[in-house]
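Trainee: Please take one part of this model and walk me through it closely. I would like to see how the packing there fits together.

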Amino acid sequence: MKHLYIILITTLLLSACADDRRVVALLDRAETLMDSLPDSAHTLLMEADSLIPRQSEQTRMRHAVLMAEANNKLYLPLPPDTLFQTVVDYYDHHGTPNQQLKAHYLLGCIFRNQGEVPMALQCYEDAVEKADTLSADCDYNTLFRIYGQMADVLHNQIMPKEEVEALKRYSKYSLKAGNMYEHIRSYEYMASAYSLLGDTTMILSLEKQARKLFMQYGFTQAAAHACTISIHIYLDRGEYGKAKEMMEQYQKCSGLFDADGNIEPGWEQYYHAQGKYYVATGNLDSAQHYFHKLLNHKNSFDGYRGLMHISMKKGMADSVIFYAQEYEKSMDTLVTEMHAQATRQALGM
């Protein structure tokens, strides 16, 4: 019986060790796939899930971080902040700077999803303070993404100066991470931030630089996208030749338009630029066509405003009154939504 007991214990220990090796292998594989194939990484982590309770604390914490990272990339629900705080506390006491960086970043993403803006920003600040940028193995890949998240939050809070500062670091660290595509996109993001500041000179310069670099590195479609704010600036300045050139490039190379000239859902605001261009060049029927296409878009007030101006140019008094009333209604809706959003933001801050 004694020998049987020893054999049984030995078998269980060997089985546990085998499980450990299998789990570690699954976690290692998931980590290598995380950026390129997050869905595959998530599948591997789910496969390891049933074995995790029997693993060491170190392995359990690693699994929790990787699962949160995969869910974050796949827009799946993240764990409660109270539960993940345990993971953060563990790495603060036992982790490397890179592990601490990622844990605090993911906690910030949890608060972001909960709408807790101040807590999210605080976690992002805590995360970047953990980064050891003097180390050869600094996780610049996560670091630049943290600054991207900070910039996104600041943009939604309408804090463009702070957003620009975050984007400068996003640009710097994405370059250090070797991610040239995101480095170039930082110029686009900064142009969007400067649009809130009304600095048209910086916008034109930044979008021009983005187009140049995208073309240099072979990102043709991305280069075509990096002109949308510039188009409106040239239209407002009356530089219709430059606006037309950019619009043609956008429609030809962006990959967003079908054979009939319809843009993909979610990008309909571009019809506003087309309507403005045709009004400016005297083609009112074409302008009317594009303003009508705007009416089902969330910025329908631009469509009604455009149609109102066209009706004024055509001397159609009844249409002017109709579109003016619809424009007023859509503006009231927009103002109400903006007020509600501002209230939520103020309460959050």
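Mentor: Start with Y124; the model is predicted. Leaving out residues up to four places away in sequence, Y124 touches Y105, G108, C109 and R112. Y124 also touches I146, Q149, M150 and V153. Y124 belongs to the largest nonpolar core, which has 84 residues. Y124 is among the members that touch the most other members, along with F84, L143, I146, I231 and Y270. Helix α7 gives the most to this core, with nine residues. A second, separate core has 15 residues, including V23, A30, I52 and L66.

Now follow helix α7, residues 140-156, to its partner α8, residues 160-176. Two packed helices are described by the angle between their axes and the distance between the axes. Here the axes come within 8 Å and cross at roughly 160°. Angles over 145 degrees count as roughly antiparallel, so α7 and α8 are roughly antiparallel to each other. The crossing of α7 past α8 is left-handed.

Next, the residues that meet. From α7 come Y140, L143, F144, Y147, G148, M150, A151, L154 and H155. From α8 come E162, E163, A166, L167, R169, Y170, Y173, S174 and K176. Eleven residues of this contact are nonpolar, three are polar and four are charged. Two names return here. M150 of α7 meets α8 and is also touched by Y124. L143 takes part in the contact with α8 and is listed with Y124 among the core members that touch the most others.

Methods:
Residues are numbered from 1 along each chain as its sequence is written. This is a predicted model: local features need pLDDT of at least 70, side-chain atom pairs count only at pLDDT 80 or more; totals for chains, interfaces and linings use all residues. Side-chain values use heavy atoms; hydrogens and water are left out. Axes are lines fitted to C-alpha atoms, for helices over the stretch in contact, and angles run from 0 to 180 degrees between N-to-C directions. Helices (H or I, at least four residues) and strands (E, at least two) are DSSP runs, numbered from the N terminus. Angles under 35 degrees count as roughly parallel, over 145 as roughly antiparallel, 65 to 115 as roughly perpendicular and the rest as oblique. A crossing is left-handed if the near helix is turned anticlockwise from the far one by less than a right angle, and right-handed if clockwise. Contact means heavy atoms within 4.5 Å. Ala, Val, Leu, Ile, Met, Phe, Trp, Tyr, Cys and Pro count as nonpolar, Asp, Glu, Lys and Arg as charged, and the others, Gly among them, as polar. A nonpolar core is a set of buried Ala, Val, Leu, Ile, Met, Phe, Trp, Tyr and Cys residues joined through side-chain atoms within 4.5 Å. Buried means under 20% relative accessible area, exposed over 50%, partly exposed in between (1.4 Å probe, protein chains only).
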